[in-house]
Amino acid sequence: MTRIAYVNGRYVRHADAKVHIEDRGYQFADGVYEVCEVRHGMIVDMTRHLDRLGRSLSELRIAWPMHRSALVRVIREVLKRNRVKNGLFYMQVTRGVAKRDHVFPHPDTKPSIVVTAKSTNPAIIAAKNANGIKAITVPENRWDRVDIKTVGLLSNALVRQQAKEAGAQEAIYVDADGTVKEGAATNVWMVDEGGTLLTRPAEHGILRGITRTTLMDVAGKLGITIREEAFSAEKMLASREVFITAATSICFPVVEIDGKPIANGHPGSVSQKIREAFFDIAEKTSIW
């Protein structure tokens, strides 16, 4: 089946999709993006993803490329044309096309928008969840505003490659003082000795993950105690359980970090319990 993308007002074959060479997203990483999971034909947490898109656009002073309701229609149409029942969609908005100059172009410059979608294999995700993944820690070296979901992901790409070369699947950023921040493309959680779930407060130091927010709702309904509290890499390595969350994976247990097993080296019960409850609770609430 031919994949279809939406590019600046047109639905085109994915293979033929193009953006201008002077698009500021290409030349300056002057843009933002969102990735959202689709499950059984339903979009998970779309409202919160669009809210965060709006915040990112506002922080960079980029206008919405179209009315929010029109964007929802475009997203649904892209999913329909690509026949995505289980998968994800990606949307990217940049400041638009203009003569290369570091300062912003004329205010009349129209933002650029791209929306793509693809199916994923639930069996592969389920296998990763059942077996757990490995991670490495890396020094934080990104700019200070990682709370904005920009397309400037060079550091993230480099440390993900470093993780791959080390036989791992994720890299976890750690501050100079030893405090855990977040993964290259995920939020990080740990379970302490008393069974409390800890995650770093979502201020400027990390991205406020949408799955992170929803997972807190789910954990609360399950009666799991949560604290937004900074923790060290040393404490993480000695914890009962570590897992990561993201829109494309929901919840993956981390069974090894820097070559050292977490607890017994197998997925922990808290991440499994939360994952099993996530979609069950979602279907009974309004996060779709």
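**Exercise 1. Determine which residues touch the most other members of the largest nonpolar core, and which elements supply this core.**

Solution. A nonpolar core is taken as a set of buried Ala, Val, Leu, Ile, Met, Phe, Trp, Tyr and Cys residues joined through side-chain atoms within 4.5 Å, where buried means under 20% relative accessible area, exposed over 50% and partly exposed in between, with a 1.4 Å probe and protein chains only. The largest such core has 27 residues, and within it Ile75 and Phe89 touch the most other members. At least two residues of this core come from each of β3 (31-39), α2 (46-60), α3 (68-81), β5 (87-94) and β6 (112-119), helices (H or I, at least four residues) and strands (E, at least two) being DSSP runs numbered from the N terminus. The greatest contribution is that of α3, with seven residues. Another core, of 18 residues, lies apart from it and has Ala135, Val188, Ala233 and Phe252 among its members.

The model is predicted, so that local features need pLDDT of at least 70 and side-chain atom pairs count only at pLDDT 80 or more, whereas totals for chains, interfaces and linings use all residues. Residues are numbered from 1 along each chain as its sequence is written, and side-chain values use heavy atoms, with hydrogens and water left out.

**Exercise 2. Work out how the strands of the open sheet are ordered, and which strands form its edges.**

Solution. Two strands pair if DSSP finds at least two bridges between them. The open sheet has six strands in the order β2-β1-β6-β5-β3-β4, with antiparallel pairing. Its edge strands are β2 and β4 (42-43), each of which pairs on one side only. Within the sheet, β3 and β5 run antiparallel and are joined by eight bridges, and Val35 has Tyr90 in β5 as its bridge partner. Contact means heavy atoms within 4.5 Å; leaving aside neighbours within four places in sequence, Phe89 is in contact with residues including Val35, Ile75 and Thr116.

**Exercise 3. Find out whether the end-to-end span of helix α5 agrees or disagrees with its expected value, and where its buried residues lie.**

Solution. The expected span of a helix is 1.5 Å times one less than its number of residues. For the twelve residues of α5 (residues 154-165) this gives 16 Å, and the end C-alpha atoms are 17 Å apart, which agrees. The buried residues of α5 include Ser155, Asn156, Val159 and Ala163. Viewed down the axis, the buried residues fall within an arc of 100 degrees, so they line one face of the helix, the arc being that of the directions from the helix axis to the C-beta atoms. An α-helix has 3.6 residues a turn, so residues three or four places apart point the same way. On the face turned away from the buried side, α5 carries the exposed residues Leu154, Leu158, Lys164 and Glu165, while β7 (133-139) and β8 are among what covers its buried residues.

**Exercise 4. Decide how Arg83 and Asp258 are placed, and what the sign of phi is in each.**

Solution. Arg83 lies in the loop between α3 and β5, and its phi is positive, near 55 degrees, although the residue is other than glycine. With a relative accessible area of 63%, Arg83 is exposed. Asp258, which is not a glycine either, has a positive phi of about 55 degrees; it is found in the loop between β14 (252-257) and β15 (260-261), and it is partly exposed at 36% relative accessible area.
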